[in-house]
Amino acid sequence: MTEALKNHTFASLRIGDEASLTRTVGVNDISMVAALSGDVSPSSLEPVFAGASRGHSAAHGSWTAAMVAAVLGTRLPGPGTIQLEQSFRFLVPAMPGDTVTATVRVREKHDADRVVRLEAFCINQRGERVLEGSATVIAPETDMTLPAVPAPQAVLLPASRYTPFIDEARSLPPIRAAIVHPCSRAAILGAIEVRDEGLLEPLLIGPEARIRAAAAEAGVSLDGIDIEGTEHSHAAAARAVELAASRRVEVLVKGSLHSDELLGAVVARDSGLRTARRISHAYVMDVPAYGKPVIVTDAAINIAPTLDHKRDIAQNAIDLMHLLGVDQPRLAVLAAAETVNAAMPATLDAAALTVMAARGQITGGLVDGPLAFDNAISPEAAQTKGIASAVAGQADILLVPDLEAGNMLAKQLIYFAGATAAGLVLGARVPIVLTSRADPLSARIASAALAKLIVTRNVAQGVRT
């Protein structure tokens with residue numbers, strides 16, 4: 001039960017009285033302060049300016065100053081206090097995951113006007129002073145006890161985190177994409193959408209009569225769009241793969257055929273699209289309540305991946321994050337617990353993947369596991385569990401134990417947390433857009449934009465998969 005708030009009157013205060021409040025800097029705290037204050041300075045939001053050898057942005061000074069105000073208003077002197085002045089020096093940045101304790105201590109009392117001057121300081125979990133200074137208040141005159149009210153739960157709803165990717169993709173020349181078996185209203189509309197957005201130049205592959213019937217049902221014209229007729233969906237998949245292998249198309253987009261039919265053609269021994277990697281699916285998710293984009297993988301292709309499969313799944317996701325501008329992505333290998341348990345195979349795989357990354361078998365990112373979901377994405381949860389990790393609490397990639405877990409996690413984020421999920425298949429020689437009929441337009445556009453960026457950035461870097 002939450003403790004009631006009881007104040008300290010001016011008469012009861014003594015020199016040296018003090019009170020404290022402790023909080024952990026959350027992933028969203030920095031963005032929340034920026035949204036409320038309008039302070040979007042690089043010193044707070046950009047790691048390169050924030051003393052970011054620790055790898056993330058620093059909390060605004062106003063975050064720690066607000067903690068001092070909270071102590072004054074709720075602890076000492078408490079309810080009824082009128083705050084007049086604060087003066088602070090900010091000494092050390094507070095980072096996500098840091099536990100900060102704010103303390104105020106009575107230094108002076110002025111009887112004539114009930115003014116109290118207090119020393120104020122904040123200390124992090126390493127004993128470093130984050131803030132120091134003073135505060136001046138008018139202390140309450142009468143005793144007051146109030147029921148404690150839980151802090152309001154605020155959820156930051158940022159502009160779409162896909163916007164920079166989509167804007168960049170729109171600015172580039174369209175690339176040729178095979179829309180495989182677009183024989184439904186939704187598939188035809190998807191092809192029209194990505195064309196009209198300036199993202200992809202669609203080539204429709206499938207039975208021509210059915211494609212035209214779907215366009216008529218959707219009420220759209222196919223003028224100016226090339227169609228390559230095939231007998232059926234299996235032939236459409238085979239032809240699309242042939243065109244991709246010969247570089248006549250640079251992206252494959254699933255139409256109204258089953259995913260297995262398209263992917264079976266992609267991974268066939270003689271397809272020309274196989275690489276040394278196993279293919280895997282990545283949901284690049286914009287979760288409003290999380291402070292940055294996050295990848296969930298694999299939630300659509302590998303049903304019960306082995307350790308070797310998970311290594312490839314991890315590397316595919318890390319490489320994608322590099323192309324999206326994250327130099328050293330943090331990959332959390334998820335399990336139901338954060339300790340290794342021989343009875344839980346997912347924890348054994350997680351521990352092995354962590355060691356494999358340390359030995360150079362997975363490159364380009366920080367890998368840690370096993371981590372339960374809360375410890376992977378919440379600095380507070382990781383701090384409570386005493387987990388010392390460069391990944392815990394700030395994961396960029398969530399590698400799930402199997403397809404069922406990944407599918408449930410991704411769908412829960414979409415339907416419960418309002419996330420948007422762009423879906424891509426990685427590990428083949430061309431990116432494959434794998435969207436669902438239930439996906440909103442924003443997800444389909446984002447998926448196409450990300451596929452286009454993969455192609456153009458690989459070409460710019462001289463990478464030919």
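How many bridges pair β5 with strand β6 (residues 129-138), and in which sense? Select both strands and you'll have the answer on screen: nine bridges, antiparallel. (Two strands pair if DSSP finds at least two bridges between them; strands are DSSP runs of E with at least two residues, helices are runs of H or I with at least four, and both are numbered from the N terminus.)

Before we go on, this is a predicted model, where local features need pLDDT of at least 70, side-chain atom pairs count only at pLDDT 80 or more, and totals for chains, interfaces and linings use all residues. Residues are numbered from 1 along each chain as its sequence is written, and side-chain values use heavy atoms, with hydrogens and water left out.

**Stop 1: around β5**

Stay with β5 and β6 and pick out valine 116: its bridge partner in β6 is valine 137. The two strands make a hairpin with five residues between them, and glycine 127 in the turn has a positive phi of about 85°.

Now add strand β4 (residues 99-110), which runs antiparallel to β5 and is joined to it by nine bridges. Look for glutamate 108, opposite arginine 117 in β5. This hairpin has four residues between its strands, and arginine 114 has a positive phi near 60°.

Select residues 115-123 alone: seven of the nine residues of β5 are buried, so this strand is largely enclosed by the rest of the structure. (Buried means under 20% relative accessible area, with a 1.4 Å probe and protein chains only.)

**Stop 2: the whole sheet**

Show all five strands of the open sheet, in the order β2-β4-β5-β6-β3, with antiparallel pairing. At the edges are β2 (18-24) and β3 (82-90); each has a single partner strand, so one side of each has no neighbour in the sheet. For β3, eight bridges lead to β6, and glutamate 85 has threonine 136 in β6 as its bridge partner.

**Stop 3: two helices**

Jump to helix α9 (residues 307-323) and helix α10 (residues 345-358), whose axes come within 10 Å and cross at roughly 55°. (Axes are lines fitted to C-alpha atoms, for helices over the stretch in contact, and angles run from 0 to 180 degrees between N-to-C directions.) Finally, show the side chains where they meet: Leu307, Lys310 and Arg311 in α9 against Asp349, Ala352, Leu353 and Met356 in α10. (Contact means heavy atoms within 4.5 Å.)

Notes:
Buried means under 20% relative accessible area, exposed over 50%, partly exposed in between (1.4 Å probe, protein chains only).
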